[in-house]
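The exercises below ask you to work through a structure step by step, with each task followed by its solution. Please keep the sequence and the model in view while you read.

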Amino acid sequence: MSKINNLIDYANKKKVFSAQDVIGEGFSRSTLKQAVDKGLITRWGVGSYSLEGTAPEDYFEIQRRHPSFIFSNETALYLHSLTDVAFSKYSVTVPTGYNMKSNKQFKAYYSKNEIYSLGIEEIVSPFGNVIRVYNIDKTICDVIKNENRIESQIFSQAILYYADNNKKNLTRAIKYAKIMGIEKKLKSYLRVIQER
């Protein structure tokens, strides 16, 4: 099998990849260039590639370009199936002090380092790539903390879906809420849900 065919097999498994990924797998830059020149692989931007006819996934590309971005709030709700609404902007949390340039693609939330690092997990995106998002319990705490920035219908739906979700860990959620200063609010929402 030729080097290009091996590269195509790799690209088919990886979906979206960088030149560094290819080199790390033992392929040369010249093999990558040949595949691009033959129209087998598409170059999407600085160092971003995929098979011809396969568009790169936004979630993966965003985090590749912005390693500090953690998907949170509305986007995390969607990724955890706590809402059925797909939002036009990606909600991301960055550390306080991060220079977030104005970009209509993102809705930014800033967080102190000790809260920013709470509850980060890796999940497999809808396109099969590994991305970083806050876990379900940190997500519900973020949504409660940012209630005034989230549509009321989305907020209510998220609370109800969370209450019925078998992946929730209330002990962990209360621990996060305590650190974030929203323990009373979280407990009051949970009480209302239990009483319904």
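**Exercise 1. A network of charges**

Which residues are linked with Glu61 in a network of salt bridges?

Before solving this, note that the model is predicted, so that local features need pLDDT of at least 70 and side-chain atom pairs count only at pLDDT 80 or more, while totals for chains, interfaces and linings use all residues. Residues are numbered from 1 along each chain as its sequence is written, and side-chain values use heavy atoms, with hydrogens and water left out.

Step 1. Take the criterion, in which a salt bridge is a side-chain nitrogen of Lys or Arg within 4 Å of a carboxyl oxygen of Asp or Glu. By this rule the structure has eight salt bridges.

Step 2. The network that contains Glu61 also takes in Arg64 and Arg65. Within this network, the closest N and O atoms of Glu61 and Arg64 are 3.2 Å apart.

Step 3. Because Glu61 and Arg64 are three residues apart in helix 4 (residues 58-65), about one helical turn separates them. Helices here are DSSP runs of H or I with at least four residues, strands are runs of E with at least two, and both are numbered from the N terminus.

Step 4. Classify the exposure, where buried means under 20% relative accessible area, exposed over 50%, and partly exposed in between (1.4 Å probe, protein chains only). Glu61, at 7%, is buried, whereas Arg64, at 27%, counts as partly exposed.

**Exercise 2. Two further salt bridges**

Find the salt-bridge partners of Lys33 and of Lys138, and state how far apart each pair lies in sequence.

Step 1. Lys33 meets Asp37 through their side chains, at 2.9 Å from N to O. These residues are four apart in helix 3 (residues 29-37), so about one helical turn lies between them. Asp37 is exposed, its relative accessible area being 55%.

Step 2. Lys138 pairs with Asp142, and their closest N and O atoms are 3.0 Å apart. Here too the residues are four apart, in helix 7, and are therefore separated by about one helical turn.

Step 3. Lys138 counts as buried at 1% relative accessibility, and Asp142 is likewise buried at 6%.

**Exercise 3. The nonpolar cores**

Which elements give two or more residues to the largest nonpolar core?

Step 1. A nonpolar core is a set of buried Ala, Val, Leu, Ile, Met, Phe, Trp, Tyr and Cys residues joined through side-chain atoms within 4.5 Å. The largest one has 25 residues, and Cys141, Tyr162 and Leu186 have the most contacts inside it.

Step 2. The elements sought are helix 7 (136-145), helix 8 (152-164), helix 9 (170-180) and helix 10 (183-195). Helix 8 supplies the largest share, six residues.

Step 3. A second core, separate from this one, has 15 residues, including Phe69, Ala76, Val92 and Ile123.

Step 4. Leaving aside neighbours within four places in sequence, Tyr162 is in contact (heavy atoms within 4.5 Å) with several residues, among them Leu82, Ile140, Ala173 and Leu190.

**Exercise 4. A hairpin**

Describe how strand 7 and strand 8 are arranged.

Step 1. Strand 7 (residues 120-124) and strand 8 (residues 130-134) run antiparallel and are joined by five bridges, where pairing requires that DSSP finds at least two bridges between the strands. Glu121 stands opposite Val133 of strand 8.

Step 2. The two strands form a hairpin with five residues between them, and Gly128 in the turn has a positive phi of about 90 degrees.
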